Amino acid sequence: ACQDLLQAGCMRPVRALVLVALVAMASYLMLMAFFGQGMHSLPTSSTQARETTKKFVQRAEDGIQIDEKENIHQPVAKSDVDAVEPKTTKKTAIACMTTKGEFEVELNPELAPKSVQQLLRMVRVGYFNQGIAFFRVNQWITQFGVDHHGRKPDPFKMLRKPFDQDRNPYGPGKSKDDLRKRKAHPWKRGTFALIGGTQMIIVRKANPQMGTNELDAPAGTVVRGMEEVIDQLDHSYGNAVDSNGKGPDQVRIMNEGNEHIHREFPKTDFIQKCWEVS
């Protein structure tokens, strides 16, 4: 038996217990960071939405599931994308029909020219016509834009290629002065922004964290349909980001398409088509 706790043999079990406790705590903190803070706690930040999307996209790309039967569109060739390359020198708008009705976004090419260019490219090649789920709806934002990556051939592969994202027009750098300027221009209710690739968000409720990242460039503002459409989007299932993996899941949409949404979460709302408004 151990009579002196300082003996090396007696301390080994203690060290092992401490190590197990530390590993468990680190695992819990990592899971909390990965899945977000929940729908009714801390405000959603644009940085959190962007970083979570990156993680989910990488997970999907690492484990892609090919379903050759779900080829509902012909591939969009690079030449076709180039042919519809939009000019963003003047103000324009897009309208979208959803399962809750129609909303309209006035775009900001002077504040986010690259985001507006990507968005108009998506509209012109019919990206939204395939049915785009509002897979994440909480009190702060709605997030959407993901589609099925697993089709072969992939009709919208060119749209998913990385593009040079806009910097925050009010402070693009990492300096304290730029951060101060960004904090003076937080995103407001109705702000519409691309957060990477084909994914975007609409701000439902303003909070001071939204719009303060150096990559937060407001691509537009919802000018019609905010109360009638965006505020009415279904969120009864929760979502995989805010509800610990429960509810509509962007990884499954990437891997399986919309089939699991229609089957398991039939009240989820969708964009059905979008078009330019002159």
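Guide: Let's start with the word contact: two residues are in contact when their heavy atoms come within 4.5 Å. By that rule, among contacts between residues at least 6 apart in sequence, 74% join residues at least 24 apart. Keep in mind that this is a predicted model.

Visitor: How do you know how far to trust it, and what is the mean pLDDT of the protein?

Guide: pLDDT is the predictor's confidence in each residue, on a scale from 0 to 100. Here the mean is 79, and 68% of the residues reach 70 or more. Two stretches fall below 50: residues 27-42, with 23 contacts beyond near neighbours in sequence, and residues 59-83, with 49 such contacts. Where pLDDT is low, the predicted coordinates should not be read in detail.

Visitor: Fair enough. How many helices and strands does the protein have?

Guide: There are 7 helices and 9 strands.

Visitor: And what makes β1 and β2 a pair?

Guide: Pairing takes at least two bridges between the strands. Strands β1 (residues 93-98) and β2 (residues 101-107) are joined by 6 bridges, so they pass that test, and they run antiparallel. In this pair Ala 93 sits opposite Glu 106, and a hairpin of 2 residues links the two strands.

Visitor: Which residue is the bridge partner of Glu 104 in β8?

Guide: That's Arg 224. Strand β8 (residues 220-224) pairs with β2 over 4 bridges, again antiparallel.

Visitor: Why are β3 and β4 called edge strands?

Guide: Look at the strand order of the open sheet: β3-β9-β1-β2-β8-β6-β7-β5-β4. β3 (132-133) and β4 (136-137) each pair on one side only. β3 has its bridges with β9, 2 of them, in an antiparallel arrangement, and that count just meets the rule of at least two, so this is a pair. Within it, Ile 132 faces Ile 271 of β9.

Visitor: What packs on the sheet?

Guide: Helix α4 does, touching β1, β2, β6, β7 and β9; its direction makes about 110 degrees with that of β9.

Visitor: How do you know that the length of α4 fits a helix?

Guide: Do the check at 1.5 Å a residue: the 12 residues of α4 should span 16 Å, and its end C-alpha atoms are 16 Å apart, so expectation and model agree. After the helix comes Gly 126, with a positive phi near 80 degrees.

Visitor: Why is Gln 118 called buried?

Guide: The cut-off for buried is under 20% relative accessible area. Gln 118 comes in at 2%, so it counts as buried. This residue lies in α4, and beyond its sequence neighbours it touches Leu 159, Phe 163, Leu 194, Gly 197 and Thr 198. Other buried residues of α4 include Val 116, Leu 120 and Met 122.

Visitor: What makes a group of residues a nonpolar core, and which members touch the most others here?

Guide: Members must be buried residues of a nonpolar set such as Val, Leu, Ile or Phe, joined through side-chain atoms within 4.5 Å. The largest core has 33 residues, and Phe 103, Phe 128, Phe 192 and Ile 271 touch the most other members. Its largest share, 5 residues, comes from α4. Ile 271 makes contacts with, among others, Cys 96, Phe 103, Phe 128 and Phe 144. In soluble globular proteins, nonpolar side chains tend to be buried together.

Visitor: Is Gly 225 buried or exposed, and how do you know?

Guide: Its relative accessible area is 6%; set against the under 20% cut-off, Gly 225 is therefore buried. Gly 225 belongs to the loop between β8 and α6 (250-256) and is in contact with Glu 102, Phe 103 and Ile 230. Its C-alpha atom is 6.6 Å from that of Glu 104, although they are 121 residues apart along the chain.

Visitor: And Asn 244, buried or exposed?

Guide: Exposed: a residue needs over 50% relative accessibility, and Asn 244 has 55%, so it qualifies. Asn 244 is also in the loop between β8 and α6.

Visitor: What is notable about the phi of Asn 244?

Guide: Phi is near 55 degrees, a positive value in a residue other than glycine. Most residues other than glycine have a negative phi, and most peptide bonds are trans.

Visitor: Why is the bond between Lys 152 and Pro 153 called cis?

Guide: Its omega is about 0 degrees. Pro 153 lies in the loop between β5 (141-144) and α5 (176-183).

Conventions. Residues are numbered from 1 along each chain as its sequence is written. Side-chain values use heavy atoms; hydrogens and water are left out. Buried means under 20% relative accessible area, exposed over 50%, partly exposed in between (1.4 Å probe, protein chains only). The expected span of a helix is 1.5 Å times one less than its number of residues. Axes are lines fitted to C-alpha atoms, for helices over the stretch in contact, and angles run from 0 to 180 degrees between N-to-C directions. Lists of a residue's contacts leave out its neighbours within four places in sequence.
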